[in-house]
Amino acid sequence: MDRRTPGEPIVAPPPTLPTEPPPEGRMAGYGLLLITTLIWGINWPVAKYLLHELPPLTMRTLPGVFSAMMLAGLVLAKRQSLRVPRSEWGRLFLYALLMVGAWMGLMGLSLVHLPASETAILGATIPVWAVGLAWPFLGERLSMLRIVAIAMAVGGVVLLMGGDSISVSWDKLPGILYALLAALLFALGAVLSKRRPVTVRPLTGAVWQIGLGCFPVALTGLLFEHPHFGGMSTLGWALFGFCIVFQGAIGYACWFAALERLPASTAAIGTLIVPVTGVVASAISLGEPLGLPQIGALLLTVTGVAIAARS
């Protein structure tokens with residue numbers, strides 16, 4: 001099972017990544033990991049606000065196209081190659097579709113129906129679903145701890161479904177289904193990439209997976225959603241730029257740099273900051289509710305992900 005999945009989508013590093021990084025790089029790794037998780041957490045309310053100015057598919061994936069271009073420039077600046085062996089393209093495109101295209105598009109649709117805080121919590125369940133999928137695809141035993149992790153994630157979903165009362169909030173159902181499908185498809189991509197990894201450098205893989213995943217969805221949005229860029233506000237353009245530069249380029253660059261300095265399990269646990277930051281930032285910036293259902297769902301999800309990452 002891939003244990004390196006945060007609340008925002010990543011691409012699986014190749015199997016040559018060291019499991020025991022040198023101690024002298026640990027502190028730098030923690031700093032880079034903190035930057036990544038804070039950026040990705042803050043991006044949830046940013047994306048929710050941008051829905052007032054752009055339709056969901058365009059808003060979520062068009063910045064990713066530009067982010068891929070920026071990361072490509074970084075790869076070339078480091079004198080690394082963007083070349084991918086011909087035999088790897090099929091897997092690369094499949095993983096891009098599952099872990100980037102489906103994730104970005106479906107989460108954008110989920111934000112239409114759910115507060116950003118609740119979408120962030122549901123997105124953070126990826127490692128839990130990966131635990132379940134690792135059993136049939138990788139032959140990993142479904143231990144009691146892993147069953148508990150899945151049960152806690154399901155409990156978090158039930159709490160969010162109930163809203164502020166015991167009765168079920170059916171108006172949230174489409175958003176919950178979109179988010180869970182996005183998390184499930186991402187987890188499937190992570191498990192498949194663990195079974196048959198793409199043997200390219202991590203940053204090169206990120207460039208191609210982000211680009212290949214975002215471009216077709218962004219093109220679909222431009223053709224069918226008819227976004228009006230001329231009507232965007234100054235703040236809207238600033239947040240659009242944030243998604244390109246910070247959430248995409250800087251976030252991924254820091255993430256892969258952190259993976260080079262930290263054990264994978266440590267990085268996985270560290271990404272629990274993402275939903276926490278997303279919930280708090282959404283409450284502060286958007287005035288979204290932060291009551292017992294949201295706090296309870298956050299605690300259940302974070303604990304379940306921690307168990308899944310360690311089991």
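Helices here are DSSP runs of H or I at least four residues long, numbered from the N terminus. With that in hand, let's walk through this predicted model. The protein chain has 12 helices and zero strands, so under that definition the pattern along the sequence is just α repeated: α-α-α-α-α-α-α-α-α-α-α-α. Of its 311 residues, 57% are buried.

Start on the outside. A nonpolar patch sits on the surface, formed by Leu 34, Leu 38, Ile 42 and Ile 273, and together they offer about 280 Å² of accessible area. Helix α1, which covers residues 26–50, supplies the largest share of the patch with three residues. Ile 273 lies in another stretch of the chain, helix α11 (residues 273–286). Why can Ile 273 qualify for a patch? Patch members need over 30% relative accessible area, and Ile 273 has 32%, which makes it partly exposed.

Now for the charged pairs. The count comes to two salt bridges. One of them joins the side chains of Arg 91 and Glu 88, with an N to O distance of 2.6 Å. Both Arg 91 and Glu 88 are buried.

The other pair is Glu 118 and Lys 172, whose side chains meet at 3.0 Å, N to O. Glu 118 belongs to helix α4 (residues 116–123), while Lys 172 is in the loop between α6 (144–162) and α7 (173–195), so this salt bridge ties together parts that are 54 residues apart in sequence. Are these two partners buried or exposed? The cut-off for buried is under 20% relative accessible area. Glu 118 is at 2%, so it counts as buried, and Lys 172 is buried too because its value is 13%.

Glu 118 has plenty of company in that respect. Helix α4 is mostly covered, with eight of its eight residues buried. Besides Glu 118, the buried residues of α4 include Ala 116, Ser 117, Thr 119, Ala 120, Ile 121, Leu 122 and Gly 123.

Helix α7 is also home to Lys 194. At 44% relative accessibility, Lys 194 counts as partly exposed. If you measure from C-alpha to C-alpha, Lys 194 and Ala 134 are 9.3 Å apart in space, although 60 residues separate them in sequence.

Next, the empty space. The structure holds four cavities of 30 Å³ or more, and the largest cavity has a volume of about 60 Å³. Its lining is made up of Asn 43, Ala 47, Met 59, Arg 60, Pro 63, Gly 64, Met 104, Cys 243 and Gln 247. The elements giving two or more residues to that lining are α1, α2 (56–77) and α9 (234–259). Helix α2 gives the most, with four residues. By class, the lining of the largest cavity splits into five nonpolar residues, three polar and one charged.

Helix α9 turns up again at the second largest pocket, which holds about 200 Å³ of space. Which residues line the second largest pocket? They are Leu 74, Lys 78, Gln 80, Arg 201, Pro 202, Leu 203, Ala 253, Phe 256, Ala 257 and Glu 260. Helices α8 (202–224) and α9 each supply at least two of the lining residues, and α9 gives the most, with three. The lining of the second largest pocket has six nonpolar, one polar and three charged residues.

Finally, a couple of backbone oddities. Most residues other than glycine have a negative phi. Arg 79 is not a glycine, yet its phi is positive, at about 60 degrees. Arg 79 lies in the loop between α2 and α3 (89–113), and its 79% relative accessibility makes it exposed. His 226 also isn't a glycine and has a positive phi, of about 50 degrees. His 226 is in the loop between α8 and α9. With 51% relative accessibility, His 226 counts as exposed, because the cut-off for that class is over 50%.

Note on methods: Residues are numbered from 1 along each chain as its sequence is written. This is a predicted model: local features need pLDDT of at least 70, side-chain atom pairs count only at pLDDT 80 or more; totals for chains, interfaces and linings use all residues. Side-chain values use heavy atoms; hydrogens and water are left out. Patches are made of residues with over 30% relative accessible area and no salt bridge: like charges are joined within 9 Å, nonpolar side chains (Val, Leu, Ile, Met, Phe, Trp, Tyr) within 5 Å. Accessible areas come from the Shrake-Rupley method with a 1.4 Å probe; for residues, only the protein chains shown count as cover. A salt bridge is a side-chain nitrogen of Lys or Arg within 4 Å of a carboxyl oxygen of Asp or Glu. Buried means under 20% relative accessible area, exposed over 50%, partly exposed in between (1.4 Å probe, protein chains only). On a 1 Å grid over the protein atoms alone, a cavity is a set of points where a 1.4 Å probe fits but cannot get out, and a pocket is an open set with protein on both sides within 12 Å along at least five of seven lines; lining residues have an atom within 4 Å of a point. Grid points are joined across faces, edges and corners, and a volume is the space filled by probe spheres set on the points. Ala, Val, Leu, Ile, Met, Phe, Trp, Tyr, Cys and Pro count as nonpolar, Asp, Glu, Lys and Arg as charged, and the others, Gly among them, as polar.
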